[in-house]
Amino acid sequence: ASKLGIDVTGIVALASVLTLATSLAVQSALTNLISGFTLLYTKPFSSGDFVEIAGQSGSVQEIGLTYTKLATPDNKTVSIPNSAVTAAEIVNYTVLGTRRVNVDISASYNAPTQAVLEALLEAGNVPTRLEEKAPFAALSSYGDSAINYVLHVWCTADDYWTTLFTVNEKVREVFAAKGIEMTY
């Protein structure tokens with residue numbers, strides 16, 4: 001073409017820019033596609049599992065070749081590129097079948113420690129807890145104006161939210177019945 005008197009430097013420059021733009025556009029899609037195959041092969045989660053990925057929590061709706069879709073507890077659909085999924089820490093709350101509910105409570109220094117612990121264990125005795133794992137309560141730390149306690153209750157992964165809310169309600173009821181003051 002140059003022997004015919006056509007200036008090819010512009011054509012070569014344009015071809016180079018188009019090739020670079022195409023390769024950058026394809027790179028992202030190709031990375032997501034390879035990550036999709038990685039997820040399907042390694043199976044860190046399945047459809048229906050409740051997971052936390054890249055700061056997003058929800059139930060896995062779909063594991064596609066380029067995106068993973070989560071349904072959040074507040075009824076949003078979040079699509080995360082598979083390259084971000086494979087690069088992020090993945091927490092699967094469902095895969096083991098059970099979860100531990102952790103409730104942090106503070107009580108007045110005036111409340112006897114043993115009375116608070118007994119009240120917490122009573123509050124942890126909810127219908128959705130696992131029978132084979134008894135609730136656990138302990139004094140966790142001393143605050144400026146209160147003593148901090150922790151209550152652990154085991155339940156199935158499906159009953160997590162019900163158990164958490166029921167235990168929180170029951171702690172308040174039991175503390176009120178036993179005259180234990182919660183501080184703030």
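**Exercise 1. Identify the salt-bridge partner of Arg129 and state whether each residue of the pair is buried or exposed.**

Step 1. Arg129 pairs with Glu131, and their closest N and O atoms are 3.9 Å apart. A salt bridge requires a side-chain nitrogen of Lys or Arg within 4 Å of a carboxyl oxygen of Asp or Glu.

Step 2. Arg129 has a relative accessible area of 13% and is therefore buried, whereas Glu131, at 61%, is exposed. Buried means under 20% relative accessible area, exposed over 50%, and partly exposed in between (1.4 Å probe, protein chains only).

Step 3. The model is predicted: local features need pLDDT of at least 70, side-chain atom pairs count only at pLDDT 80 or more, and totals for chains, interfaces and linings use all residues. Residues are numbered from 1 along each chain as its sequence is written, and side-chain values use heavy atoms, with hydrogens and water left out.

**Exercise 2. Determine how many salt bridges the whole structure contains, and describe the one formed by Glu122.**

Step 1. The search of the whole structure returns three salt bridges. One of them joins the side chains of Asp74 and Lys76 at 3.5 Å, N to O; Asp74 is partly exposed, at 49%.

Step 2. Glu122 bridges to Lys178, also with an N to O distance of 3.5 Å. This pair links distant parts of the chain, since Glu122 is in helix α3 and Lys178 in helix α4, 56 residues apart. Helices (H or I, at least four residues) and strands (E, at least two) are DSSP runs, numbered from the N terminus.

Step 3. Glu122 is partly exposed, with a relative accessible area of 39%, and Lys178 is partly exposed at 45%.

**Exercise 3. Explain how the buried residues of α3 are arranged and what covers them.**

Step 1. The buried residues of α3 are Val116, Leu117, Ala119, Leu120 and Ala123. They lie on the same side of α3 because they cover an arc of only 160° around the axis. The arc is taken from the directions from the helix axis to the C-beta atoms.

Step 2. An α-helix has 3.6 residues a turn, so residues three or four places apart point the same way.

Step 3. The covering elements include β6, β7 (136-142), β8 and α4.

**Exercise 4. Locate the largest nonpolar core and place Phe175 in it.**

Step 1. The largest nonpolar core has 24 residues, and Val116, Leu120, Leu151, Val171 and Phe175 have the most contacts inside it. Such a core is a set of buried Ala, Val, Leu, Ile, Met, Phe, Trp, Tyr and Cys residues joined through side-chain atoms within 4.5 Å.

Step 2. Two or more residues come from each of β6 (98-107), α3 (113-123), β8 (147-156) and α4 (160-178). The most, six residues, come from α4.

Step 3. Phe175 lies in helix α4 and counts as buried at 1% relative accessibility. Leaving aside neighbours within four places in sequence, Phe175 is in contact (heavy atoms within 4.5 Å) with residues including Ile105, Val116, Leu120 and Met182. The C-alpha atoms of Phe175 and Leu120 are separated by 8.3 Å, although the two residues are 55 apart along the chain.

**Exercise 5. Describe the surroundings of Asp49.**

Step 1. Asp49 is found in the loop between α1 (9-42) and β1 (50-53). Asp49 is buried yet has no salt bridge, and the nearest side chain of opposite charge, Arg99, is 11 Å away. Lys and Arg count as positive and Asp and Glu as negative; His and the chain ends are not counted.

Step 2. The side chain of Asp49 reaches the backbone nitrogen of Ser46 at 3.0 Å.

Definitions and conventions:
Polar contact = N/O pair within 3.5 Å; in protein donor to acceptor, adjacent residues only side chain to side chain.
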